[in-house]
Amino acid sequence: MIHYYFGSGKGKTSAAVGACIRAAGNGLRCAAVQFLKNGTSGETALLQRCGIDIFACDFEEIRFFSQMTDDERARVILSHNRNLRRVIAGQYQLLVLDELSDAIQKNAVDPELVSQALALPETEIIVTGHKRAEQFIQCADYITEFQCIAHPFQKGQIARKGIEY
């Protein structure tokens, strides 16, 4: 089945990570692909220790896609597509595609590879992202919208290690 977690509220990735840990704890082979992220957020180390494969952009500092040079964007797209090919070939039972709907909206991933990933047989898929994407609304079995009511960022608070990343 396909799960789609989207919206402006905090907790989409955390919910996907929780489901991934639950699946791994029950013996399922799991992987997570982080789109538009470089794999340095706090959950990645824990997921790896749980035997969950993590795939993210392969350079140290990643900025907002709109602030990247054309060369940097091309490198990110290549990394995203390479990571999707890896998980498509990996025979996972649960697959988290974190921030995928954002990557699609920014044309930062090959749509054909996304279609292949979503069609993987006997694989539970969790997609996260900020903006509502009809592509996932149409195909998802679970749809959860996260709505931001209040967030410290609105008062100028920067993201805190261990809490927001």
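**Reading the sheet, core and hollows of a predicted model**

Q: Strand E4 and strand E5 (residues 124-129) pair in the parallel sense over four bridges. In general, through what do strands of a sheet pair?

A: Strands pair through backbone hydrogen bonds, and they can run parallel or antiparallel. Here, strands (E, at least two residues) and helices (H or I, at least four) are DSSP runs numbered from the N terminus, and two strands count as paired if DSSP finds at least two bridges between them. In the E4-E5 pair, Leu97 stands opposite Val127 of E5. A word on the basics: this is a predicted model, where local features need pLDDT of at least 70 and side-chain atom pairs count only at pLDDT 80 or more, while totals for chains, interfaces and linings use all residues. Residues are numbered from 1 along each chain as its sequence is written, and side-chain values use heavy atoms, with hydrogens and water left out.

Q: Which bridge partner does Val33 have in E4?

A: Leu97 again: it is the bridge partner of Val33. Strand E2 (residues 30-34) pairs with E4 over five bridges, in the parallel sense. E2 also runs parallel to E3, joined by three bridges, and there Ala31 has Asp53 as its partner.

Q: What is the strand order of the whole sheet?

A: Read across, the order is E3-E2-E4-E5-E1-E6, an open sheet of six strands with parallel pairing. Strand E3 (53-55) and strand E6 (142-146) are at the edges with a single partner strand each, so one side of each has no neighbour in the sheet. On average, neighbouring strands are turned by 10 degrees against each other, direction ignored; the axes behind that are lines fitted to C-alpha atoms (for helices over the stretch in contact), with angles from 0 to 180 degrees between N-to-C directions.

Q: Back to E4: are its faces covered or open?

A: The general idea is that side chains in a regular strand alternate between the two faces of the sheet. In E4, Leu94, Val96 and Asp98 on one side and Leu95 and Leu97 on the other are all buried, so both faces are covered. Buried means under 20% relative accessible area, exposed means over 50%, and partly exposed is in between (1.4 Å probe, protein chains only). With five of five residues buried, E4 (residues 94-98) is largely enclosed by the rest of the structure.

Q: Which residues touch the most other members of the largest nonpolar core?

A: As a rule, nonpolar side chains tend to be buried together in soluble globular proteins. A nonpolar core is a set of buried Ala, Val, Leu, Ile, Met, Phe, Trp, Tyr and Cys residues joined through side-chain atoms within 4.5 Å. The largest one holds 32 residues, and Leu84 and Leu97 touch the most other members. Elements giving it two or more residues include strand E1 (2-7), helix H3 (70-89) and helix H6 (134-139). H5 gives the most, with four residues. A second, separate core of 15 residues includes Tyr5, Ala19, Ala23 and Leu47.

Q: What is Leu84 in contact with?

A: Contact means heavy atoms within 4.5 Å. Setting aside neighbours within four places in sequence, Leu84 contacts Phe35, Leu97, Val109, Leu113, Val114 and Ala117.

Q: How many cavities of 30 Å³ or more are there?

A: On a 1 Å grid over the protein atoms alone, a cavity is a set of points where a 1.4 Å probe fits but cannot get out; a pocket is an open set with protein on both sides within 12 Å along at least five of seven lines, and lining residues have an atom within 4 Å of a point. Points are joined across faces, edges and corners, and a volume is the space filled by probe spheres set on them. The count is one cavity, of about 60 Å³. Its lining includes Thr13, Gln34, Val96 and Asp98, and H2 gives the most to it, with three residues.

Q: And what is the volume of the largest pocket?

A: About 1,600 Å³. Lining this pocket are 42 residues, of which Lys37, Phe64, Glu99, His130 and Glu164 lie nearest its centre. H1 supplies the largest share of the lining, four residues.

Q: Which sign does phi have at Asn107?

A: Most residues other than glycine have a negative phi. Asn107 has a positive one, about 55 degrees; it is in the loop between helix H4 (100-105) and helix H5 (111-118) and counts as exposed at 63% relative accessibility. Leu36 also has a positive phi, near 60 degrees, and is found in the loop between E2 and helix H2 (43-49).
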